Amino acid sequence: MKPKLEDTYQHKGLRRQLIQLLRDKGITDEAVLDAMNNIPRHFFLDSAFDKIAYEDRAFPIGEGQTISQPYTVAYQTQLLKVSKMEKVLEIGTGSMYQSTVLAEMGAKVYTIERQKKLYDQHSSYVFKMKYPNLKFFFGDGFEGLPAFQPYDKILITAAAPFIPPKLVQQLKVGGVMVLPVDEGENQRMLRLTKLQDGSLQEEAFEEFSFVPMLTGKNR
Ligand code: SAH
């Protein structure tokens, strides 16, 4: 079933409640909250989820993948400290919701997906005209996207087994990468800052549970 492309008063009301919930859970970045308040999350979900699209939950999006929980999207985006016009590489396009949040914040967004069926959905992306600053690629995120490097920011939205070295190479000096790294059952959210000598300054945050980051492409 296709998503319902109508943003009613009811949807808007539920979205405002979700934003309040995110504030209560500790999200403080107004630019992140504004962007999420402006984007109809139900447009990124099957119409079967229309009534529950604004619950703070992950939902299936096909191919065994999920759209991240709103709290997780807000948390990762806040850690990334995105500014307008910055070049951001996202690994794991999935439903396109997270990349839309980054595009709404004014970043130049490059997003990569390894599942062909999910990647193909970008051809009917509802906000194609609104966000010419968002570009979709089919590929393996472990390889990054050398053509447009270096990136100011890199965001991984799947559970990384380790810090992908090629992504570190493609990050600007002073650039920031946010990623969940495997620690058994769950993943620890890390924020890495690339220093002048190429080394990484590491900060560790809360634990989350993501679908795995897998190698290779899946046609
Ligand atoms: N950011 C997405 C979250 C999707 S879940 C959203 O807003 O909906 C994570 C996604 O990462 C899945 O779609 C999965 O197929 C993709 N993925 C996993 N490993 C990957 C890799 N190596 N390269 C690119 N995408 C990957």
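**Figure 1. The loop that holds Pro-150.** Pro-150 sits in the loop that runs between strand S5 (134–138) and strand S6 (151–156). This is a predicted model, and in it the peptide bond from Gln-149 to Pro-150 is cis, with omega near 0°. That makes the spot worth a pause, because most peptide bonds are trans.

**Figure 2. Strand S5 and its two faces.** Which residues of S5 point to the buried face? Along this strand the side chains alternate. Leu-134, Phe-136 and Phe-138 point to one face and are buried. Lys-135 and Phe-137 point to the other face and are not buried. S5 also has a neighbour: S4 and S5 run parallel and are joined by five bridges. If you would like one pair to look for, take Phe-138 in S5, the bridge partner of Glu-113.

**Figure 3. Strand S3, covered on both sides.** How many of the five residues of strand S3 (residues 87–91) are buried? Five of the five are, and the strand is mostly covered. On one side you will find Lys-87, Leu-89 and Ile-91, and on the other Val-88 and Glu-90, and all are buried. Compare this with S5, where Lys-135 and Phe-137 are not buried. S3 and strand S4 (residues 108–113) run parallel, with five bridges joining them. Within this pairing, Glu-90 stands opposite Thr-111 in S4.

**Figure 4. Gln-98 and the residues it touches.** Gln-98 belongs to helix H4 (residues 97–104). Is Gln-98 buried or exposed? Its relative accessibility is 7%, so Gln-98 counts as buried, the cut-off for that being under 20%. Leaving aside residues up to four places away in sequence, Gln-98 touches Val-73, Gln-76, Thr-77, Glu-90, Leu-155 and Thr-157. Some of these names belong to other views: Glu-90 is one of the buried residues of S3, and Val-73, Gln-76 and Thr-77 are among the buried residues of H3.

**Figure 5. Helix H3 and the residue that follows.** Helix H3 (70–80) comes before a loop that leads to S3. Of the 11 residues of H3, 10 are buried, so the helix is largely enclosed by the rest of the structure. The buried ones are Pro-70, Tyr-71, Thr-72, Val-73, Ala-74, Tyr-75, Gln-76, Thr-77, Leu-79 and Leu-80. As you trace the backbone, recall that in an α-helix residues three or four places apart point the same way, because there are 3.6 residues a turn. Just after H3 comes Lys-81, with a positive phi of about 50°, although Lys-81 is not a glycine. Lys-81 is partly exposed, with a relative accessible area of 47%.

**Figure 6. Glu-63 in the loop between S1 and S2.** Where does Glu-63 lie? Look in the loop between strand S1 (59–62) and strand S2 (65–67). Glu-63 is not a glycine, yet its phi is positive, at about 60°. Most residues other than glycine have a negative phi. With a relative accessible area of 36%, Glu-63 is partly exposed.

**Figure 7. Asp-56 and the residues around it.** Asp-56 has its place in the loop between helix H2 (30–38) and S1. Its relative accessible area is 14%, and Asp-56 is buried. Which residues does Asp-56 touch, not counting residues up to four places away in sequence? They are Leu-18, Leu-21, Leu-22, Lys-25, Gln-69, Pro-70 and Tyr-71. Pro-70 and Tyr-71 may look familiar, as they are among the buried residues of H3. For a sense of scale, the C-alpha atoms of Asp-56 and Arg-188 are separated by 20 Å, and these residues are 132 residues apart along the chain.

**Figure 8. Stepping back to the whole chain.** The close-ups above come from a chain with six helices and nine strands. Along its principal axes, the C-alpha trace spans about 50 × 40 × 35 Å. The radius of gyration is 16 Å, which agrees with the value near 17 Å for a compact globule of 219 residues. Buried residues make up 52% of the chain. Among contacts between residues at least 6 apart in sequence, 55% join residues at least 24 apart. The chain exposes about 10400 Å², and carbon and sulfur atoms supply 52% of that area. The mean positions of its 28 positive and 27 negative charges are 7 Å apart.

Notes:
Residues are numbered from 1 along each chain as its sequence is written. This is a predicted model: local features need pLDDT of at least 70, side-chain atom pairs count only at pLDDT 80 or more; totals for chains, interfaces and linings use all residues. Side-chain values use heavy atoms; hydrogens and water are left out. Helices (H or I, at least four residues) and strands (E, at least two) are DSSP runs, numbered from the N terminus. The radius of gyration is taken over C-alpha atoms; the globule rule is 2.2 Å times the number of residues to the power 0.38. Buried means under 20% relative accessible area, exposed over 50%, partly exposed in between (1.4 Å probe, protein chains only). Contact means heavy atoms within 4.5 Å. Accessible areas come from the Shrake-Rupley method with a 1.4 Å probe; for residues, only the protein chains shown count as cover. Lys and Arg count as positive and Asp and Glu as negative; His and the chain ends are not counted. The place of a charge is taken as NZ of Lys, CZ of Arg, CG of Asp or CD of Glu. Two strands pair if DSSP finds at least two bridges between them.
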